[in-house]
Amino acid sequence: MSTAAQQRLIRPARNISGSLALPGDKSISHRYAMLGAFAQGTSRFTNFSTGADCASTLGCMEALGARVNRIGGGAIEITGVAGRVTPSANPLDCGNSGSTMRMMSGLLAAQQGTFTLIGDDSLSRRPMGRIKTPLELMGANLTLTEGHAPLTIVGGPLKAIDFTTPVPSAQVKTCVLLAGLQTSGATTVREAVRTRDHSELALRAFGATLARTSDSISISGPQQLHAIEAAVPGDLSSAAFFLCAASIFPGSNLVLDAVGLNPTRASLLDVLTALGAKISVLNLEEKHSELVGTIQISGPAEGLGTTAITGALSAQLIDELPALAAIGPYTSGGIRIRDAKELRVKESDRIALVAQNLRAMGAEVIEFEDGLDVPGGQQLHGATIDSGGDHRIAMAFSVAALRATGDTIIQGAESAAISFPEFFDIFNNIAER
Ligand code: S3P
């Protein structure tokens with residue numbers, strides 16, 4: 001990000017209460033932006049993500065010929081390129097966004113032209129071999145820099161493949177589906193763990209036909225997408241910080257309106273319920289096949305219990321694990337996380353940074369290659385937190401700071417704007433002091 005590094009002082013709170021609505025889901029906004037920009041016609045979205053990551057997707061798609069009208073207040077209009085992008089003379093800047101780079105690569109691999117994709121320091125360290133493998137099997141030409149960005153794609157006609165993802169990754173699945181959308185024959189992606197299905201739902205909403213089995217999704221190309229109008233559901237992964245904050249305060253009361261509750265994303269509610277939080281979901285409805293509802297939560301009088309997050313659950317909760325680990329000390333029996341090695345290749349090494357920052361706050365924590373043991377019954381003290389420029393670390397430790405003794409300083413707090421620029425304003429509104 002270009003913003004200068006900022007520190008935020010977080011004071012402990014007495015309780016959490018309030019009612020709020022969240023900006024649009026980051027995953028869904030990326031997909032609506034990419035598909036709207038590729039479709040025929042003008043799409044209109046409300047409550048589009050305000051985060052810098054989705055702005056990166058919009059910027060790249062504009063550079064490829066789509067027209068974007070940022071109306072304000074989360075409303076945007078995108079006029080698509082009707083299936084044919086214009087190669088850009090300049091590199092496409094994906095910023096901090098792995099979703100932009102990995103998903104857009106699939107879209108571009110089947111287009112005529114040469115495309116170079118770049119990112120910031122964090123994104124330039126993240127593994128891109130996972131998209132190179134399937135795209136090369138389809139016949140695409142992709143050059144990485146030691147397994148990372150910058151990457152160059154020489155696009156052209158591809159062939160359909162049947163591909164099993166080696167790591168659970170919705171970004172890789174989407175990359176292959178977006179290439180398959182433009183390729184003759186049936187392209188199939190198989191996954192051992194079912195990852196978020198926003199791409200499948202969004203592709204259908206834009207008029208594509210896909211076939212699903214319990215462990216696979218197929219798309220037969222070429223297919224033309226058509227513009228849609230949609231309200232983006234509130235981001236449950238952003239809501240996660242407030243849900244975790246409410247959970248650690250007995251008697252808290254928080255209401256979150258119009259939050260995305262897609263079952264492939266909503267495991268956090270089950271985990272918090274298992275820990276003892278009182279959660280109700282109201283006003284459930286479906287918008288373009290995405291479930292949306294109001295969440296009401298309060299922290300249990302007896303405090304949170306204990307839980308283990310392993311196997312498929314770890315993959316489904318991957319973005320929420322930093323926040324859950326950060327509240328682990330405030331549970332009675334601790335939180336055990338395994339099978340979450342992917343956390344090490346996110347915007348930062350989230351296992352290492354969570355452990356380092358919990359220790360800075362005085363907690364005992366055991367680090368594993370694929371997870372963490374955070375024992376319960378520990379009182380944290382205020383500390384200086386190193387966010388590592390990672391939005392989810394900055395927000396997770398702001399939550400941990402609410403029940404610490406003394407003040408906490410979050411270094412690199414501006415990184416919250418990657419997914420959630422409004423985070424600190426809302427956070428200060430719901431924290432009673
Ligand atoms: C995302 C998928 C996940 C997630 C990321 C967003 C998506 O990444 O961590 O924040 O929108 O598809 P992986 O696909 O690498 O698991």
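Start by selecting the ligand, which sits in the largest pocket. Keep in mind as you go that this is a predicted model.

**Stop 1: the shell around the ligand**

With the ligand still selected, bring up the elements around it: α1 (26-38), α3 (98-109) and α5 (170-180) each give two or more residues to the shell. Colour α1 first, as this helix supplies the largest share, 3 residues.

Next, colour by domain. Domain 1 covers 3-24 + 233-432 and domain 2 covers 26-230, and the shell draws at least three residues from each of them.

Now try colouring the shell by residue class. You should find 3 nonpolar, 4 polar and 6 charged residues around the ligand.

**Stop 2: the nearest residues**

Which residues should you show as sticks? Of the 13 residues around the ligand, the ones that come nearest are Ser-27, Arg-31, Ser-169, Asp-319 and Lys-346.

Zoom in on Ser-27, where a polar side-chain atom lies 2.7 Å from an oxygen atom of the ligand. Then move to Lys-346: here too a polar side-chain atom is found 2.7 Å from a ligand oxygen atom. For Gln-171, turn on the backbone, since the atom to look for is a backbone N or O, placed 2.9 Å from an oxygen atom of the ligand.

Before you leave, switch on the surface. How much of the ligand does the protein bury? Taken alone the ligand exposes 380 Å², and the protein buries 95% of that.

**Stop 3: some backbone details**

The remaining stops concern the backbone. As background, most peptide bonds are trans, and most residues other than glycine have a negative phi.

Select Ala-149 and Pro-150. The peptide bond from Ala-149 to Pro-150 is cis, with omega near -5°. Pro-150 belongs to strand β9, which spans residues 148-155.

Stay in this region and pick Glu-146, in the loop between β8 (141-145) and β9. Glu-146 is not a glycine, yet has a positive phi of about 50°.

Finish at Gly-221 and Pro-222. What is the geometry of the peptide bond from Gly-221 to Pro-222? That bond is cis, with omega near -5°. Pro-222 itself is placed in the loop between β13 (216-221) and β14 (229-231).

Definitions and conventions
Residues are numbered from 1 along each chain as its sequence is written. This is a predicted model: local features need pLDDT of at least 70, side-chain atom pairs count only at pLDDT 80 or more; totals for chains, interfaces and linings use all residues. Side-chain values use heavy atoms; hydrogens and water are left out. A residue is near a molecule or strand if one of its heavy atoms lies within 4 Å of it. A polar contact is a pair of N or O atoms within 3.5 Å; within protein, one must be able to donate a hydrogen and the other to accept it, and residues adjacent in sequence count only if both atoms are side-chain atoms. Accessible areas come from the Shrake-Rupley method with a 1.4 Å probe; for residues, only the protein chains shown count as cover. On a 1 Å grid over the protein atoms alone, a cavity is a set of points where a 1.4 Å probe fits but cannot get out, and a pocket is an open set with protein on both sides within 12 Å along at least five of seven lines; lining residues have an atom within 4 Å of a point. A molecule sits in a cavity or pocket if more than half of its atoms lie within 2 Å of its grid points. Helices (H or I, at least four residues) and strands (E, at least two) are DSSP runs, numbered from the N terminus. Ala, Val, Leu, Ile, Met, Phe, Trp, Tyr, Cys and Pro count as nonpolar, Asp, Glu, Lys and Arg as charged, and the others, Gly among them, as polar. Domain bounds come from an automatic or database domain assignment.
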